[in-house]
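Thank you all for making time this morning. I would like to walk you through one structure, and I will try to keep each statement close to the coordinates.

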Amino acid sequence: MPDRPVSDCPYKNLVIFHVDGIFDNKYEDKLGRNYLGNWVEDKYSFLFFTEEPESDIEKIIMLQPDLSLLDKYNFTYEEWQGGGFERRCIDDFFIVPPWDSADRVEGRYKIVLDPGVVFGNGLHPTTRDCLLALSHLKKKYDFKKVLDIGTGTGILAIASLLLGAEFSEAVDLNPLAVKTARNNVCLNGFERHIKVYEGRAEDFTAGDADLVIANIHFEVIKALLQEKSFIRREFLIFSGLMRSQARDLKKILSDKKMHIEKEWDHDMTWYTLLVSRKEE
């Protein structure tokens, strides 16, 4: 591998407008070329720009009478992501940003990943451990159809296809995550095999996936485990769990006669569980 990428990250500084209310994406075309996307959190919207917007943001927000501008923030990209994004190897995967022309690493699958401003670039322990769980599972079993809930950048859906899955549905409630995941699916040439949807996890449990990846809030996981259509899967990967949540989840899984194939933890803080309905 060459020591340095051929070009720099296109994201330098971020300008973020904090809006009270849900910004309607039909007005996105008015936000100008520096606009990156809309991060929705509860009843708030965060409008991201690579530079100061060319448009008058307050006037555009006023097109929706129920919205109000609360604040404006400036971050460097590294401050927002908690560090820069450079190529990295994680188990069977070699992850590179699109501005890095590094060749494939022998013995590893190459994932081209543009995280934008969405979390999920492989830096967070839950993302890394989900990748480890996918690799571990593939060494023992085959999986063909995948449901990736809380897909973020789409990295786990892409990884599952590289390991041999035939099709994946990737779901996220956040419109900016959906936009980012769709871009990454295209960067890796999986447009025909990965479909990205905006929506609630609960609305996608009735499909025929044999593997579900759920790197999401614990309360959502608990709700999903009450649905028969969800727990009938052959395999499930649960992540995003704190220590007490992992303990509580193990009790729920035991009561439902589900088998923990393997677990991972990062500094005894973040936990990931690979679960099956097959007892060894």
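I will talk about one helix, then the nonpolar cores, and then some of the salt bridges.

Please keep in mind throughout that what you see is a predicted model.

Let me begin with helix α8, which runs over residues 243-255. At 1.5 Å a residue, its 13 residues should span 18 Å, and since the C-alpha atoms at its ends are 19 Å apart, the expected and the modelled lengths agree. Which residues of α8 are buried? They are A246, L249, I252 and L253, and because they cover an arc of only 120 degrees around the axis, they sit on the same side of α8. On the other side of this helix, R247 and K251 are exposed. As for what covers the buried residues of α8, the list includes α6 (218-224) together with the strands β12 (235-242), β13 (259-266) and β14 (270-276). After the helix comes K257, for which phi is positive, near 60 degrees.

That brings me to the nonpolar cores. The largest of them has 49 residues, and the ones with the most contacts inside it are F48, I95, L134, I194 and L211. Helix α4, residues 155-162, supplies the largest share of this core, namely six residues. There is also a second, separate core of 26 residues, which includes I149, I216, L224 and L249, and you will recall L249 as one of the buried residues of α8. To return to the largest core, if we take L134 and leave aside its neighbours within four places in sequence, the residues in contact with L134 are F143, L156, A159, S160, L163, L211, I213 and I237.

My last topic is charge pairing, where a search of the whole structure finds 13 salt bridges, and I will go through three of these pairs.

In the pair formed by K72 and E52, the closest N and O atoms are 2.7 Å apart. This pair links distant parts of the chain, with K72 in strand β4 (residues 68-76) and E52, 20 residues apart from it, in the loop between β3 (44-49) and α1 (57-61). K72 counts as partly exposed because its relative accessibility is 36%, and E52, with a relative accessible area of 43%, is likewise partly exposed.

The other two pairs I have chosen each lie within a helix, and here it helps to remember that an α-helix has 3.6 residues a turn, so residues three or four places apart point the same way. In helix α6, K222 and E219 are three residues apart, which means that about one helical turn separates them, and their salt bridge has its closest N and O atoms 3.4 Å apart. K222 is partly exposed at a relative accessible area of 28%, whereas E219, at 54% relative accessibility, counts as exposed.

In helix α8, D255 and K251 are four residues apart, again about one turn of the helix, and their side chains meet in a salt bridge of 2.8 Å, N to O. D255 has a relative accessibility of 49% and therefore counts as partly exposed, while K251, at 51%, counts as exposed; with the cut-off for exposed set at over 50%, I would read those two labels together with their percentages. Finally, salt bridges that share partners join R200, E202 and D203 into one network.

Methods:
Residues numbered from 1 in each chain as written. Predicted model: local features only at pLDDT ≥ 70, side-chain atom pairs only at ≥ 80, totals over all residues. Heavy atoms only, no water. Helix = DSSP H or I, 4+ residues; strand = E, 2+ residues; numbered from the N terminus. Expected span 1.5 Å × (residues − 1). Buried < 20%, exposed > 50% of the residue type's maximum accessible area, 1.4 Å probe, protein only. Arc of directions from axis to C-beta. Contact = heavy atoms within 4.5 Å. Core = buried A, V, L, I, M, F, W, Y, C linked by side-chain atoms within 4.5 Å. Salt bridge = Lys/Arg side-chain N within 4 Å of Asp/Glu carboxyl O.
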